[in-house]
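The following exercises concern the structure shown below. Please attempt each task before reading its solution.

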Amino acid sequence: MSKGNSFRDFVLEQLGEVPDVVTRPMFGGHGLYAGGRFFGILYRGVFYLKVDDRSRPDYEAAGMGPFRPFPDRPTTMRYYEVPAGVLDDPDELAAWAAKAIAAASARSGARKASSGRRPAASRRRGQSGSRRPAGRSR
């Protein structure tokens, strides 16, 4: 078993109280999902959880920083490193994970509400039975 997989297995064991957690390989690491919500990242032996404006101060107070996919660039993501003390306590980790899942749920809900796109069924061509002749636009 590789070091990366043993860390992944450890994190999953620590998250035992969180229902329906699955991992998916992504960009050399793993994404963590619960109930279809992307709430965590495992990358190079570090565990990150999704944050929002309410939870970020907890990470900052513990001296934790954001996930930087490209260390040589200023880009950060809304995922922060989990403090070691939290990772070592399954009950506390479950509480932090619940906040991350809530942040992921709120974020995806806001994105869907603000997309302004019509449902796929109403975008389909020929839905009403009529088509505009080629070369003509409205």
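**Exercise 1. Surroundings of a loop residue**

Which residues does Val-18 touch, not counting residues up to four places away in sequence?

Solution. The model examined here is a predicted one.

Step 1. Locate the residue: Val-18 belongs to the loop between helix H1 (3–14) and strand E1 (21–26).

Step 2. List the contacts: Val-18 touches Ala-34, Ala-94, Ala-97 and Ile-101.

Step 3. Assign the exposure class. The relative accessibility of Val-18 is 9%, and buried means under 20%; Val-18 therefore counts as buried.

Step 4. Add a distance across the fold: 9.5 Å separates the C-alpha atoms of Val-18 and Pro-90, which are 72 residues apart along the chain.

**Exercise 2. The order and pairing of the strands**

Determine in which order the strands form the sheet, and whether the pairing is parallel or antiparallel.

Solution.

Step 1. The sheet is open and consists of 5 strands in the order E1-E2-E3-E4-E5, with antiparallel pairing.

Step 2. Identify the edges: E1 and strand E5 (79–81) each pair on one side only.

Step 3. From one strand to the next, the twist averages 30°.

Step 4. Examine the individual pairs. E1 pairs with strand E2 (residues 29–34) over 6 bridges in the antiparallel sense, and Thr-23 stands opposite Leu-32 in E2. E3 and E4 run antiparallel and are joined by 4 bridges; here Gly-40 faces Leu-49 in E4 as its opposite residue. E4 and E5 are also antiparallel, paired over 3 bridges, with Tyr-48 opposite Glu-81 in E5.

**Exercise 3. Positive phi values in loops**

For Phe-27 and Arg-44, state where each residue lies and whether each is buried or exposed.

Solution.

Step 1. Phe-27 is placed in the loop between E1 and E2. Its phi is near 50°, a positive value in a residue other than glycine.

Step 2. Phe-27 has a relative accessibility of 76%. Exposed means over 50%, so Phe-27 counts as exposed.

Step 3. Arg-44 is found in the loop between strand E3 (37–43) and strand E4 (46–50). The hairpin of E3 and E4 has 2 residues between the strands, and in it Arg-44 takes a positive phi near 50°.

Step 4. With a relative accessible area of 68%, Arg-44 is exposed.

**Exercise 4. The nonpolar cores and strand E4**

How many residues does the largest nonpolar core have, and which of them have the most contacts inside it?

Solution.

Step 1. The largest nonpolar core has 24 residues, and those with the most contacts inside it are Val-11, Leu-15, Phe-39, Phe-47, Leu-49 and Leu-93.

Step 2. Two or more residues of this core come from each of H1, E2, E3, E4, helix H3 (84–87) and H4. H4 gives the largest share, 7 residues.

Step 3. Take Leu-15 as an example. Leaving aside neighbours within four places in sequence, Leu-15 is in contact with Val-21, Leu-32, Phe-39, Phe-47, Leu-93 and Ala-97.

Step 4. Another core, of 6 residues, lies apart from this one; among its members are Ile-41, Val-46, Tyr-48 and Tyr-79.

Step 5. Consider E4, in which 5 of 5 residues are buried. Both of its faces are covered: Val-46, Tyr-48 and Lys-50 are buried on one side, and Phe-47 and Leu-49 on the other.

Step 6. Set this beside the general tendency: in soluble globular proteins, nonpolar side chains tend to be buried together.

**Exercise 5. Salt bridges**

How many salt bridges does a search of the whole structure find? Describe three of them, with the exposure of the partners where available.

Solution.

Step 1. The search finds 4 salt bridges.

Step 2. Arg-54 forms one with Asp-52, with the closest N and O atoms 3.2 Å apart. Arg-54 counts as exposed at 67% relative accessibility, whereas Asp-52, at 13%, counts as buried.

Step 3. Arg-56 and Asp-53 meet through their side chains in a salt bridge of 3.3 Å, N to O. Asp-53 is exposed, its relative accessible area being 57%.

Step 4. Lys-99 and Asp-58 form a further salt bridge, at 3.4 Å from N to O. This pair links distant parts of the chain, 41 residues apart: Lys-99 is in helix H4 (residues 90–114) and Asp-58 in helix H2 (residues 56–61).

Step 5. Lys-99 counts as partly exposed at 41% relative accessibility, and Asp-58 counts as partly exposed at 30%.

Notes. Residues are numbered from 1 along each chain as its sequence is written. This is a predicted model: local features need pLDDT of at least 70, side-chain atom pairs count only at pLDDT 80 or more; totals for chains, interfaces and linings use all residues. Side-chain values use heavy atoms; hydrogens and water are left out. Buried means under 20% relative accessible area, exposed over 50%, partly exposed in between (1.4 Å probe, protein chains only). Contact means heavy atoms within 4.5 Å. Two strands pair if DSSP finds at least two bridges between them. Axes are lines fitted to C-alpha atoms, for helices over the stretch in contact, and angles run from 0 to 180 degrees between N-to-C directions. A nonpolar core is a set of buried Ala, Val, Leu, Ile, Met, Phe, Trp, Tyr and Cys residues joined through side-chain atoms within 4.5 Å.
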